[in-house]
Amino acid sequence: MFQIYLPIAEISVNLLVMLGLGAAVGFLSGMFGVGGGFLLTPFLMLSGIPPAIAVATGANQIVGTSVSGTLAQWRRGNVDLRMGFVLIAGGVVGAFVGVFLLKILREAGQAGLMISLTYVCFLGVIGALMLWESLNAIRRQRAGKTVSARKASQHNWIHGLPFKMRFPRSRLYISAIPPLVIGGLVGLLASFLGVGGGFIMVPALIYLLRMPTNVVIGTSIFQIIFITAIVTLLHATLNYTLDIVLAFLLVIGGVIGGQFGVRAGQKLRGEQLRALLALMVLGVAIRILLDLLLKPSELFSIVPLSGA
Amino acid sequence: MMKTALLQISALLLALPVSVALSSPVLAQKKAAEPAAGEPASQEQVQSDISTREIAIQSNFTGIEILIFGSVDFSDSRTPGEGTYDVIAVVRGPNEPIILRKKERVAGIWVNGPGKTYSTVPGFYAVLSTRPVRAIASDQTLKALGIGLSDLDFGRYTQGNPNEQAYRSAMIRLKKEKKLFQERDDAVKFIGRSLFRATVALPVNVPIGRYTVDVYLFRDGAVASKSQGSLEVNKAGLEKLVYRLAFQRPFIYGLLGVLIAVLAGLAGWYAFRRD
């Protein structure tokens with residue numbers, strides 16, 4: 001009942017499970033402004049989808065949820081278009097470099113390991129930092145002090161860089177170089193890990209550029225559309241690993257879940273949102289780390305020569 | 001499709017008394033003289049067919065059970081349970097190259113070691129028999145016929161090296177877990193004196209292509225007769241369309257994927273907007 005055969009993955013999956021998985025990830029995506037790929041891709045692999053297909057199809061799903069997520073954020077004036085396009089400009093370059101890197105590693109047979117290690121490092125560090133910061137903010141708030149996460153008057157080295165641009169929506173007047181570099185690095189990681197990269201973009205924009213949290217979420221999800229679209233195209237043409245039927249199921253669930261996620265996000269405070277996201281990021285990092293450290297029950301694995 | 005198979009079986013059943021009457025006891029006794037493996041030893045003839053000759057993989061595909069059935073013409077068997085004959089059916093899917101990797105511990109983490117490539121691993125391989133195959137014929141005979149997982153040629157020299165042997169058994173174990181390799185020594189059942197049937201389940205992940213079905217009739221440890229058949233597994237309908245587009249026009253396919261996602265995103269937002 002409700003089983004559907006996937007033409008590229010060549011397995012049969014439960015329709016409702018995939019719709020539900022898409023909805024759950026879409027919900028988180030709308031709530032936090034992250035693509036959700038770092039959750040979706042491991043879950044797809046757990047349900048038996050080959051890793052390469054999980055990565056490409058996950059990216060395609062994120063395109064859909066990001067479109068509806070962006071529109072919902074747009075209505076609230078949370079998208080900084082100018083900042084978005086600067087990030088995308090860097091991101092496109094990064095995405096191509098990432099695919100190239102992945103190709104080299106794949107030929108050396110160590111792509112899987114490098115992906116796992118990169119995940120653990122980034123998710124671990126970012127999750128820990130975010131959790132620390134948000135818990136401190138919550139504690140200070142409980143103590144009765146009024147705090148603002150945004151310290152507009154505080155200047156750092158970033159303000160000394162040339163090519164200054166005005167970003168009125170973010171109330172920033174900063175050099176275009178940091179957003180370009182952030183966009184590039186996130187694009188690189190996004191294509192390398194097969195995710196949208198929101199989990200790196202969001203903290204980078206908050207802590208490095210000091211953009212307001214709500215604008216960060218809208219802008220991040222906006223640029224994710226473009227990065228994941230490029231990653232999807234690259235995977236489909238270079239690796240033949242996109243399963244459109246699976247992507248369709250995930251997107252349907254995702255766009256519905258995404259809408260509820262945006263609403264749920266509005267009801268939570270910024271600090272609580274960040275603490276929750278941090279916990280989730282840390283959880284995934286620990287899971288991947290355990291996979292690397294614990295002795296697997298089956299040491300051998302087989303892959304067809306063509307679809308590796 | 002089951003219906004046609006049953007019709008064919010009943011047609012064979014009707015033909016049965018005729019073939020028994022025709023079988024000559026004098027000729028049948030000749031086969032006692034040691035026949036070489038693979039050569040028909042006596043007058044018995046095995047006929048077989050498959051319930052489904054074409055399997056179409058569509059969106060509702062969850063695997064399929066096929067029926068292999070046949071009969072022994074000029075059967076010598078006087079009572080159904082006599083056990084004069086044994087049947088081994090070998091179903092074999094198209095070969096494919098496979099990389100087998102073993103994880104090794106490097107600096108505390110489990111890392112994929114260098115992979116070994118096996119160039120001709122059957123995508124599907126099932127041995128169905130009336131009894132354990134080693135009880136039916138000698139190892140030598142089975143090896144000559146290529147029956148059984150232990151004698152499968154994966155396109156890589158594996159004799160001698162104990163390390164290679166571990167890889168080889170890992171390949172068989174992993175394929176068995178996916179139900180792509182099967183050995184079932186009680187799968188073939190005789191019905192009456194000369195009619196037999198066996199079912200084999202093709203799992204959802206069966207590779208597409210041409211499958212061969214070899215049915216061997218054994219008597220006293222030697223092949224008395226052999227019959228061959230084949231079946232095609234193909235994607236059909238939407239699955240075929242998607243599969244073709246993905247491999248022949250990958251850029252258009254990728255664009256289509258992005259377009260569908262964008263449209264779904266727009267539709268989702270439109271349906272849920274609050275104005």
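These legends walk through a few close-ups of a predicted two-chain model. Chains are lettered from A and ligands numbered from 1 in the order they are written, and residues count from 1 along each chain as its sequence is written. Since the model is predicted, local features need pLDDT of at least 70 and side-chain atom pairs count only at pLDDT 80 or more, while totals for chains, interfaces and linings use all residues.

**View 1. How sure is the predictor about this model?**
The model scores ipTM 0.80 and pTM 0.72. For single residues we go by pLDDT, the predictor's confidence in each residue, from 0 to 100. Chain A averages 81, with 91% of its residues scoring at least 70. Chain B averages 80, and 79% of its residues score at least 70. In chain A, pLDDT stays under 50 over residues 149-153. In chain B, the same goes for residues 10-37, pLDDT under 50 throughout. Confidence in chain B is lowest in helix α2 (residues 25-30), at a mean of 39, and highest in strand β8 (residues 125-129), at 93. Where pLDDT is low, the predicted coordinates should not be read in detail.

**View 2. Where chain B meets chain A.**
The contact takes 50 residues from chain B and 50 residues from chain A; here two residues are in contact if their C-beta atoms, placed from the backbone, lie within 7 Å. Which elements of chain B give two or more residues to this side? They are β5 (95-106), β6 (109-112), α5 (162-177), α6 (237-248) and α7 (250-272) of chain B. Helices (H or I, at least four residues) and strands (E, at least two) are DSSP runs, numbered from the N terminus. The largest share comes from α7(B), with 17 residues. Sorted by class, the side of chain B that touches chain A has 31 nonpolar, 13 polar and six charged residues. In that sorting, Ala, Val, Leu, Ile, Met, Phe, Trp, Tyr, Cys and Pro are nonpolar, Asp, Glu, Lys and Arg are charged, and the others, Gly among them, are polar.

**View 3. Strand β5 of chain B and its partners.**
Two strands pair if DSSP finds at least two bridges between them. Across the chains, five bridges join β5(B) to strand β5 (residues 300-304) of chain A, and the two run antiparallel. A:Phe300 has B:Lys102 as its bridge partner, and A:Val303 has B:Ile99. Within chain B, β5(B) is joined by five bridges to strand β7 (residues 116-122), again antiparallel; B:Ile98 pairs with B:Tyr118 there. Four bridges join β5(B) to β6(B), also running antiparallel, with B:Ile109 as the partner of B:Val106. β5(B) and β6(B) form a hairpin with two residues between them, and B:Ala107 in the turn has a positive phi of about 50°.

**View 4. Chain B, domain against domain.**
Chain B comes to seven helices and 13 strands. Its domain assignment, with bounds from an automatic or database source, gives domain 1 (2-235) and domain 2 (236-275). Each of these two domains of chain B puts six residues into the contact between them. On the domain 1 side, β2 (54-57) and β13 (222-235) each supply at least two residues. The residues on that side divide into two nonpolar, three polar and one charged.

**View 5. Helix α6 of chain A and its glycine at 187.**
How far apart are the end C-alpha atoms of α6(A) (residues 177-193)? They are 24 Å apart, which agrees with the span expected for 17 residues at 1.5 Å a residue (that is, 1.5 Å times one less than the number of residues). The helix is mostly covered: twelve of its 17 residues are buried, including A:Ile182, A:Val186 and A:Phe192. Buried means 20 or more other C-beta atoms within 10 Å of a residue's own, with C-beta atoms placed from the backbone. A:Gly187, found in this helix, counts as buried because 29 other C-beta atoms lie within 10 Å. Its C-alpha atom is 7.3 Å from that of A:Val93, 94 residues away along the chain. Leaving aside neighbours within four places in sequence, A:Gly187 is in contact with several residues, among them A:Gly90, A:Val93, A:Gly197 and A:Ile227. Just after the helix, A:Gly194 takes a positive phi of about 70°.
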